[in-house]
Amino acid sequence: MILVSVSTFGNVAPSKRPPGATWRKLFNGVDLTGWKHVGEGSMSVENGMIRGHGGMGLLYYTKEKFGNCTIRVVYRMEKENSNSGVYIRIPVEPREAWMPVHYGYEVQIDNHPETSDEDEYHVTGTLYSISKPLAKPGKPGPEWNTMDITLDGPRTIVYVNGVKVTDYKEGDPVPDRKFDFEPYRGLRPNVGYIGLQNHGEHDVVFFREVSVKSLR
């Protein structure tokens, strides 16, 4: 479990702080050692990348919980736009796909939420339906995107392609739920499991890197 002292970031991308930290790979590029899938569909490794099949399901990292660190996810969408997400702050190991939705946070991957009658609180880099985006720097498929998610105590900071999208602290005001598939409101833990979502048959996202770096 990564538990270190809380630090504060300004407008500098978290991948540039602190100077002595190193990245640790959670995905080895070969197989899904250390990962487990729950829910519908499946995940596999193809050409050194994780990809989803069907869904909705979640591939989560089983070996530890994460807090006070930066999680880096490098991904691309198969089509111009696809739906997926990176899950954080999941309090206990999930046994099905909806528990992480309601009790963790989804850092969204979806550049065009309006196609499913959703608003900007559902765009890439936001905490799904929780935080309003500060910017919308997500690149369309098949271009690669880099998402840096910093868990700084109760604060969650998300950069997409080096641009800050989310800076949210537990207890900040949030909008009311509009759909029954949106997460329950409430505080999330400072540390938790993380995972990658496979959303459905027509939403294929490839993940080539999942790494973590301590805030020390």
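A salt bridge is a side-chain nitrogen of Lys or Arg sitting within 4 Å of a carboxyl oxygen of Asp or Glu. The idea behind this is simple: side chains of opposite charge can pair when their charged atoms come close. The structure here is a predicted model, and by this rule its count comes to seven salt bridges.

One of them pairs Glu64 with Arg24, whose closest N and O atoms are 3.0 Å apart. These two come from distant parts of the chain, 40 residues apart: Arg24 belongs to strand β1 (residues 24–25), while Glu64 sits in the loop between β5 (57–61) and β6 (69–77). Glu64 has a relative accessibility of 13%, so it counts as buried, since the cut-off for that label is under 20%. Arg24, at 34%, is partly exposed.

Another pair joins Asp119 to Lys178, and here the closest N and O atoms are 2.6 Å apart. Both partners are in loops, Asp119 between β8 (105–109) and β9 (144–152) and Lys178 between β11 (163–169) and β12 (193–198), so the salt bridge ties together parts that are 59 residues apart in sequence. With 24% relative accessibility, Asp119 is partly exposed, whereas Lys178 reaches 55% and counts as exposed.

Asp167 and Lys164 also meet through their side chains, with an N to O distance of 3.1 Å. Lys164 is the buried partner at 15% relative accessibility, and Asp167 is partly exposed at 33%. Elsewhere, Glu120, Lys132 and Lys136 are joined into one network by salt bridges that share partners.

Now for the backbone. Most residues other than glycine have a negative phi, and most peptide bonds are trans. Against that background, a few spots in this model stand out. The peptide bond from Gly55 to Met56 is cis, its omega being near 20°, and Met56 is found in the loop between β4 (49–53) and β5. The bond from Gly141 to Pro142 is cis too, with omega near 5°; Pro142 lies in the loop between β8 and β9.

Positive phi values turn up as well. Arg89, which is not a glycine, has a phi near 55°. Its place is in strand β7 (residues 84–90), and with 0% relative accessibility Arg89 counts as buried. Asp117 is another non-glycine residue with a positive phi, near 60°. This residue is in the loop between β8 and β9, and a relative accessible area of 66% makes Asp117 exposed, because that label needs a value over 50%.

Conventions
Residues numbered from 1 in each chain as written. Predicted model: local features only at pLDDT ≥ 70, side-chain atom pairs only at ≥ 80, totals over all residues. Heavy atoms only, no water. Helix = DSSP H or I, 4+ residues; strand = E, 2+ residues; numbered from the N terminus. Buried < 20%, exposed > 50% of the residue type's maximum accessible area, 1.4 Å probe, protein only.
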